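Got your viewer open? Let's walk through this one stop at a time, picking something to select and saying what is there.

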Amino acid sequence: MKAAVIVFPGSNCDRDMAVALRAAGAEVEMVWHKDAGLPRGVDLVAVPGGFSFGDYLRCGAIAAQSPVCRAVIDHAQKGGYVLGVCNGFQVLTETGLLPGALMRNAGIRFVCKSIPLEIGTTRSDFTSGYAEGATLHIPVAHHDGNYFVDQPTLDRLRAEDRIAFTYGDNPNGSTGDIAGVLSENRRVLGMMPHPERAVDAGHGGTDGRGLFVSLVGALVSA
Amino acid sequence: MKARVQVMLKTGVLDPQGEAIRHALGALGFDGVEGVRQGKVIELDLAGDDATAAEAQVTEMCEKLLANTVIESYKIDLS
């Protein structure tokens with residue numbers, strides 16, 4: 001199973017993402033944002049956290065227009081898997097691969113702590129390794145994690161069972177306590193919490209490991 | 001030709017920064033500030049002087065990059 005981790009100027013969780021994917025058994029290649037294409041045979045594209053392009057204009061807005069993002073959109077439209085974490089989630093909403101937008105936290109402050117994260121659905125290759133209704137402990141670290149969708153979109157996300165994760169104690173004002181959402185085909189996931197920062201006992205918890213293990217497992221057997 | 005693009009959060013979308021400014025104004029003793037909305041202004045210097053073409057071009061810029069129309073609205077002034 002082959003994964004590509006996209007690196008933008010300002011990405012800072014790219015290596016953590018690669019470590020987490022490799023630990024789960026993936027072969028990982030780093031891809032610089034100016035590359036026009038993805039390596040051949042990539043199953044999963046991971047868009048990591050950080051502050052791509054200094055968060056200028058809007059978080060993720062400039063990154064979403066980079067050449068490599070065009071390739072990521074093509075990959076997703078062909079049914080490929082994409083995981084966006086934190087700034088990666090912001091990039092995916094800016095490309096339109098995921099609905100909604102991420103705004104400044106309702107409390108204005110940067111939030112950096114481990115939070116209880118509830119599994120919204122196990123019906124995806126990202127979350128199938130977790131128990132229905134389980135609560136994980138995963139770190140968040142963001143200033144703009146306030147997920148906004150309008151009411152019709154929220155109703156649709158709920159009806160289609162596309163809310164992958166919700167906050168146990170909403171840290172940023174997100175609509176419907178949403179921490180992570182899936183695309184219509186359930187192969188694109190965007191989430192604000194950092195599962196790659198919870199894959200080793202040294203991180204203080206390993207609740208994020210299940211996401212990488214089930215995802216890599218599903219793609220290896222595919 | 002110059003274009004001035006004003007980008008604001010849509011009505012109904014909570015603006016936490018505007019709220020923080022409103023609180024700060026209250027703390028400074030400015031009473032009666034019932035609402036504050038914060039946005040941004042982007043100024044563009046454009047080649048050419050065809051206002052219709054410029055408006056169409058800047059509208060496309062807003063839709064593609066300058067505004068996130070999920071949460072923001074924009075207004076274009078040409079001069």
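In which loop of chain A is C86(A) found? Select C86(A) and follow the backbone either way: this residue sits in the loop between β4 and α3 of chain A. Keep in mind as you go that this is a predicted model.

**Stop 1: around C86(A)**

Is C86(A) buried or exposed? It is buried, because 30 other C-beta atoms lie within 10 Å, and 20 or more is the cut-off for that label. Now show its neighbours, leaving out residues up to four places away in sequence: C86(A) touches C13(A), G49(A), H142(A), M192(A) and H194(A).

**Stop 2: the annotated trio**

Colour C86(A), H194(A) and E196(A), which an unreviewed UniProt entry lists under "active site". These positions are spread over 111 residues of sequence, yet they cluster in space, with a largest C-alpha distance of 10.9 Å.

Go to H194(A) next. You'll find H194(A) in the loop between β11 and α5 (209-221) of chain A. H194(A) has 24 other C-beta atoms within 10 Å, so this residue counts as buried too. Setting aside residues up to four places away in sequence, its contacts include C86(A), C13(A) and G49(A), as well as V85(A) and the run I138(A), P139(A), V140(A) and A141(A).

**Stop 3: helix α3 of chain A**

Select residues 87-95 of chain A, which form helix α3. How many of its nine residues are buried? Nine of the nine are, which leaves the helix mostly covered. Among them are F89(A), V91(A) and L92(A), but also N87(A), Q90(A) and E94(A). To see what does the covering, switch on β3 (44-47), α2 (67-77), β4 (81-85), β5 (101-103) and β11 (188-191) of chain A, which are included in the cover. Right after the helix comes G96(A), with a positive phi near 90 degrees.

**Stop 4: chain A as a whole**

Zoom out and show chain A as a cartoon: there are five helices and 11 strands. The radius of gyration of chain A is 15 Å, close to the 17 Å from the globule rule for 222 residues, so chain A is as compact as a globular protein of that length. Along the principal axes, its C-alpha atoms fill a box of roughly 40 × 40 × 35 Å. Buried residues account for 54% of the 222 in this chain. Of the contacts between residues at least 6 apart in sequence, 74% join residues at least 24 apart.

**Stop 5: the sheet in chain B**

Switch to chain B and pick out its open, three-stranded sheet, ordered β2-β1-β3 with antiparallel pairing. Strands β2 (40-45) and β3 (72-78) of chain B stand at the edges with a single partner strand each, so one side of each has no neighbour in the sheet. On average, neighbouring strands here are turned by 20 degrees against each other, direction ignored.

For a closer look, select β1 (residues 2-9) of chain B: seven bridges join this strand to β3(B), and the two run antiparallel. Find A3(B) and you'll see it opposite L78(B) in β3(B). Then add helix α2 (residues 51-66) of chain B, which lies across β1, β2 and β3, running at about 155 degrees to β3(B).

**Last stop: where the chains meet**

Show both chains together. Nine residues of chain B are in contact with 13 residues of chain A. On the chain B side, helix α1 (residues 16-27) gives the most, with three residues. Colour that side by class and you get seven nonpolar, two polar and no charged residues.

Notes
Residues numbered from 1 in each chain as written. Chains lettered and ligands numbered in written order. Predicted model: local features only at pLDDT ≥ 70, side-chain atom pairs only at ≥ 80, totals over all residues. Helix = DSSP H or I, 4+ residues; strand = E, 2+ residues; numbered from the N terminus. Rg over C-alpha atoms; globule rule 2.2 N^0.38 Å. Buried ≥ 20, exposed ≤ 12 C-beta atoms within 10 Å, placed from the backbone. Contact = placed C-beta atoms within 7 Å. Pairing = 2+ DSSP bridges. Axes fitted to C-alpha atoms, helices over the stretch in contact; angles between N-to-C directions. UniProt positions renumbered as here; feature names shortened; annotations may be inferred. Nonpolar A, V, L, I, M, F, W, Y, C, P; charged D, E, K, R; others polar.
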